[in-house]
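Hi,

Here is the structure I promised to pass on. Have a look at it first, and then read my notes underneath.

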Amino acid sequence: MAARRGSAPKLGDVLLVTGAEAFLADRAVKSAIAAVSKEAASKGEADIEVTDVDATGLDVGVFAELTGPSLFASERVLVMRALENLPPDMVPHLLEYAGSPSDDVLVVLVHSGGQKGKGVLDKLRKASVSEVVATAPKAWELPQFVAGEIRLLGGSVDERASSALVDAVGHDLRALAGACSQLVSDSGGQAVTAELIGQYFGGRAEVTSFAVADAAIAGRTEPALEQLRWALDCGVAPVLVTSAMAGGLRGLAKFSSAPGGLREADLAREVGVPPWKLKQLKQQVRGWTPGGLATAIKAVAQADADVKGASGDAGYALERMVITVSRSHGRR
């Protein structure tokens, strides 16, 4: 998730936004603009002028114009995206500016993650610029993201309802945030419940990759195949099905091999799931043996390779995976 280093951004700062999660990066940029706009409004200033540019084709003249004195606005925000593509001859000028930024400009530098342009990032960090890191939450952290979104919007929700929304909508943060906004808006001040989520997104929940995985892991072959066919007909990407199946089996493997006697919170950390998920894993693990788990995990690995190009028929690869996983339940 987005993590901030340093205080809230203000005019005269250089803010670095890094990470591959585009939704959180965009939110960090909007939050920075809102912060300096609020600062300007408190002083009776006019609206902040915002300029959004791509660093790819930036040159010294344009950069100087965007960060220098302006005839049209005294206070401004410059958002420079794709910092990893900044031309090499611009790097010294950017670093020089970062060392002595203009008092009436906030410069927001957005880097989309990866190794490209890492040298610039390291030098900017040494210059002690503020940084927001936009890291995608792990799958098991998504219910926490949902709960945080709903609280931010003034609503309330419990862990099970948060998980139900993730199961229904999927892992895309932008879609989850939109769903949270809709639910809080329509809840009439009441808590967001699993029942309300079912009313809005129940049809989608029935065709998610998690429903396929849960049925197969429970050894229910025919329902799992029905869910799979329905999911594919509704446009669920094959790779999401293999990902959900792999995640479910990994959780089972970690749960079954975890040391005995751990407290619930410690066990949840050991397995890598929220505490409420432990009850579900305890139920799912019944009937699974180490040999059966090994067979199922190998089948998922093969299917994952198949849907990513090793096979020309993703549907057949997924059906074979579902059958193998479900029949591995109870196998010694």
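**What I found**

S128 is exposed, with a relative accessible area of 62%. You'll find S128 in the loop that runs between α4 (118–126) and β6 (130–134). Its backbone is a bit unusual to read off: S128 is not a glycine, yet its phi is positive, at about 65 degrees. Before going further, please keep in mind that this is a predicted model.

A82 makes a good partner to look at next. Phi of A82 is positive as well, near 55 degrees, and A82 is again a residue other than glycine. The loop that holds A82 is the one between β4 and α3. Is A82 buried or exposed? With 16% relative accessibility, A82 counts as buried, because the cut-off for buried is under 20%. S128, at 62%, is exposed, because it is over the 50% mark.

**The whole protein**

Stepping back, the protein has 15 helices and six strands. Its C-alpha trace spans about 75 × 50 × 45 Å along the principal axes. Of the 332 residues, 44% are buried. If you take the contacts with a separation of 6 or more, 76% of them are between residues 24 or more positions apart.

On the outside, the protein exposes about 16,700 Å², and carbon and sulfur atoms supply 52% of that area. As for charge, there are 35 positive and 39 negative side chains, and the centres of these two sets lie 10 Å apart.

**Helix α2**

Now to α2, which covers residues 60–67. Which of its residues are buried? They are F63, L66 and T67. These residues sit on the same side of α2, because they cover an arc of only 85 degrees around the axis. The general rule behind this is that an α-helix has 3.6 residues a turn, so residues three or four places apart point the same way.

What do the buried residues of α2 pack against? Their partners are the strands β3 (49–54), β4 (76–81) and β5 (105–111), along with helix α3 (91–99). At the start of α2, D59 is worth a click too: one of its side-chain oxygens comes to within 3.2 Å of the backbone nitrogen of G61.

**V91 in α3**

Helix α3 is where V91 is found. V91 has a relative accessible area of 14% and is therefore buried. Setting aside residues up to four places away in sequence, V91 touches L86 and V120. V120 is 29 residues from V91 along the chain, but the C-alpha atoms of the two are separated by 7.0 Å.

**S328 in α15**

The last stop is S328, in helix α15 (residues 314–328). How accessible is S328? Its relative accessibility is 0%, so S328 counts as buried. The side chain of S328 reaches the backbone oxygen of T324 at 2.6 Å. Not counting neighbours within four places in sequence, S328 is in contact with W288, G292, T295 and A296.

If you open the model, you could compare the two serines on screen: S328 is buried at 0% relative accessibility, whereas S128 is exposed at 62%.

Cheers

Notes: Residues numbered from 1 in each chain as written. Predicted model: local features only at pLDDT ≥ 70, side-chain atom pairs only at ≥ 80, totals over all residues. Heavy atoms only, no water. Buried < 20%, exposed > 50% of the residue type's maximum accessible area, 1.4 Å probe, protein only. Helix = DSSP H or I, 4+ residues; strand = E, 2+ residues; numbered from the N terminus. Arc of directions from axis to C-beta. Contact = heavy atoms within 4.5 Å. Polar contact = N/O pair within 3.5 Å; in protein donor to acceptor, adjacent residues only side chain to side chain. Areas by Shrake-Rupley, 256 points an atom, 1.4 Å probe, with all protein chains shown as cover. Lys, Arg positive; Asp, Glu negative; His and termini not counted. Charge placed at Lys NZ, Arg CZ, Asp CG, Glu CD.
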